[in-house]
Amino acid sequence: AVVSTQSTGRINLSRMRAIVQKVTKASVTVGDRTTGSIGKGMCVLLGISRTDTEKEIQWMVNKLVKLRIFDHPESGKPWDADLLQCNYGILVVSQFTLQCVLKGNKPDFHNAMKSDESEKMYNQFCAALRQAVPNSDTLVQEGEFGAFMQVHIQNDGPVTIPIDSPESLSQQKVKPAKPQKQQKKNKEGDTGVENVAEQLEKL
């Protein structure tokens with residue numbers, strides 16, 4: 001499990017949180033059953049907060065399918081391709097502990113959505129993700145909500161990226177993600193989006 005805190009024990013509250021890991025392979029087992037398995041792609045640990053809505057779902061799905069953490073399939077350029085361009089898989093695992101707040105040394109999960117409501121949100125999230133990813137029957141895999149799971153992650157890099165939905169999302173209009181056949185290139189041959197390495201250099 002991954003729980004991100006500051007020295008004060010606080011985290012950004014009431015936001016949908018995803019921990020994205022670039023993997024060479026990943027799978028989830030419950031007992032002796034495998035509930036989901038992928039090869040190259042990303043494993044996403046998903047923490048749903050008590051205030052999340054459909055807007056957070058669509059925002060996060062858009063962000064995940066467009067996240068450029070892979071080598072470009074043609075040029076080989078690192079940090080230059082997303083999940084759809086590479087036709088890679090995505091494994092989603094519900095993890096309420098990502099909404100943890102430390103009270104002293106004791107974890108508190110009151111910011112996590114209640115189980116019944118969270119399961120509905122998780123199913124909606126997976127449904128939205130399937131709509132955004134072509135060949136979703138094989139490329140979109142899941143854990144088992146509410147079960148005691150063994151998550152097997154072979155992190156590639158390692159690359160691990162935390163993503164929180166923005167606080168101002170309730171005031172924004174968020175469109176559902178659409179499958180992308182091919183990104184249009186500008187005159188310079190770039191996609192018009194700075195790669196992660198270039199962004200980090202500016203920080």
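Here two people talk through the core and helix α3 of a predicted model.

Colleague: What makes the 38 residues a nonpolar core?

Modeller: The term asks for buried nonpolar residues joined through side-chain atoms within 4.5 Å, and the largest set of that kind here has 38 residues. Met42, Leu64, Ile90, Phe125 and Leu129 have the most contacts inside it. At least two residues each come from β1, β3, α1, α2, β4, α3 and β8, and α3 gives the most, with seven.

Colleague: Which residues does Ile90 touch?

Modeller: Leaving out residues up to four places away in sequence, Ile90 touches Ile38, Met42, Val44, Leu64, Leu83, Leu129, Leu139, Val140 and Gln141. Apart from that core lies another, of 12 residues, including Ala26, Val30, Val93 and Leu98.

Colleague: How do you know that the length of α3 agrees with 1.5 Å a residue?

Modeller: Its 18 residues should span 26 Å, and the end C-alpha atoms are 26 Å apart, so the two agree.

Colleague: Why are the buried residues of α3 said to be on the same side?

Modeller: The buried ones are Ser118, Met121, Tyr122, Phe125, Cys126, Ala128, Leu129 and Ala132. They cover an arc of only 160 degrees around the axis, and therefore sit on the same side of α3.

Colleague: And what do those buried residues pack against?

Modeller: They pack against β3, α1, α2, β4 and β7.

Colleague: What makes Asp116, Lys120 and Gln131 count as exposed?

Modeller: Exposed takes over 50% relative accessible area, and Asp116, Lys120 and Gln131 are classed that way, on the face of α3 turned away from its buried side.

Technical notes: Residues are numbered from 1 along each chain as its sequence is written. This is a predicted model: local features need pLDDT of at least 70, side-chain atom pairs count only at pLDDT 80 or more; totals for chains, interfaces and linings use all residues. Side-chain values use heavy atoms; hydrogens and water are left out. Buried means under 20% relative accessible area, exposed over 50%, partly exposed in between (1.4 Å probe, protein chains only). Helices (H or I, at least four residues) and strands (E, at least two) are DSSP runs, numbered from the N terminus. Contact means heavy atoms within 4.5 Å. The expected span of a helix is 1.5 Å times one less than its number of residues. The arc is that of the directions from the helix axis to the C-beta atoms.
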